[in-house]
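Visitor: I should like a close look at a single part of this model, namely the strand pairing. Please describe it in detail, and then place the salt bridges and one histidine beside it.

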Amino acid sequence: MMKQWAETVDFAVTVCDKDAKILFMNQKSRETFARHGDIIGHDLMLYHPPHAREMILKMLSEGISNTYTIEKNGLHKLIHQTPWRDEEGNVAGLVEISVVVPADAPHYVR
């Protein structure tokens with residue numbers, strides 16, 4: 001089920017386990033990391049700078065989320081990383097979504 005919906009969305013989805021091993025990447029995520037080849041099964045830490053590795057470890061150990069924006073190749077992106085949990089409620093890994101935010105995207109206060 002996860003792969004079915006994740007392959008149809010217009011943003012990158014990457015999933016790792018509690019040891020930061022990459023379990024799943026949808027097509028958008030695979031396109032983002034294409035220069036590295038097939039990295040499913042690899043250690044997520046290999047593809048992040050030191051400060052990001054620290055945050056990944058913190059999210060995995062404390063069960064917290066992390067959200068930020070970046071600019072890469074002229075595109076603005078919203079990155080949201082959040083834990084996913086097993087049946088007992090323990091952190092089982094992380095899900096990261098990366099969404100391109102159009103420069104002219106409206107902002108509403110509600």
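Guide: Two strands are said to pair if DSSP finds at least two bridges between them. The model is predicted, and in it β1 and strand β5 (residues 91-100) are joined by 6 bridges and run antiparallel. One position within this pairing can be given by name: Asp-17 has Gly-93 of β5 as its bridge partner.

Strand β5 also pairs with strand β4 (residues 75-85), again in the antiparallel sense, over 9 bridges. Here Ile-79 stands opposite Ser-98 in β5. The connection between β4 and β5 is a hairpin, with 5 residues between the two strands. Gly-89 lies in that turn and has a positive phi of about 90 degrees. As a general point, side chains in a regular strand alternate between the two faces of the sheet.

The loop that precedes β1 leads to the salt bridges, of which the count is 2. In one of them, Glu-7 pairs with Arg-30, and the closest N and O atoms are 3.0 Å apart. Because Glu-7 lies in the loop between α1 (2-6) and β1 (12-17) while Arg-30 belongs to helix α2 (residues 27-32), this pair ties together parts that are 23 residues apart in sequence. Glu-7 is partly exposed, at a relative accessible area of 33%, and Arg-30 is likewise partly exposed, at 31%.

Asp-10 forms a salt bridge with Lys-28, with 3.1 Å between the closest N and O atoms. This pair, too, links distant parts of the chain: Asp-10 is in the loop between α1 and β1, Lys-28 is in helix α2, and 18 residues separate them. The relative accessibility of Asp-10 is 62%, so this residue counts as exposed, the threshold being over 50%. Lys-28, at 32%, counts as partly exposed.

The histidine to consider is His-48, which is placed in the loop between α2 and α3 (50-62). Its relative accessible area is 13%, so His-48 is buried, a class that requires a value under 20%. A polar atom of the His-48 side chain lies 3.1 Å from the backbone oxygen of Leu-44. Neighbours within four places in sequence aside, His-48 is in contact with Arg-53, Ile-56 and Glu-96. The last of these residues, Glu-96, returns the account to β5, which spans residues 91-100.

Technical notes:
Residues numbered from 1 in each chain as written. Predicted model: local features only at pLDDT ≥ 70, side-chain atom pairs only at ≥ 80, totals over all residues. Heavy atoms only, no water. Salt bridge = Lys/Arg side-chain N within 4 Å of Asp/Glu carboxyl O. Helix = DSSP H or I, 4+ residues; strand = E, 2+ residues; numbered from the N terminus. Buried < 20%, exposed > 50% of the residue type's maximum accessible area, 1.4 Å probe, protein only. Polar contact = N/O pair within 3.5 Å; in protein donor to acceptor, adjacent residues only side chain to side chain. Contact = heavy atoms within 4.5 Å.
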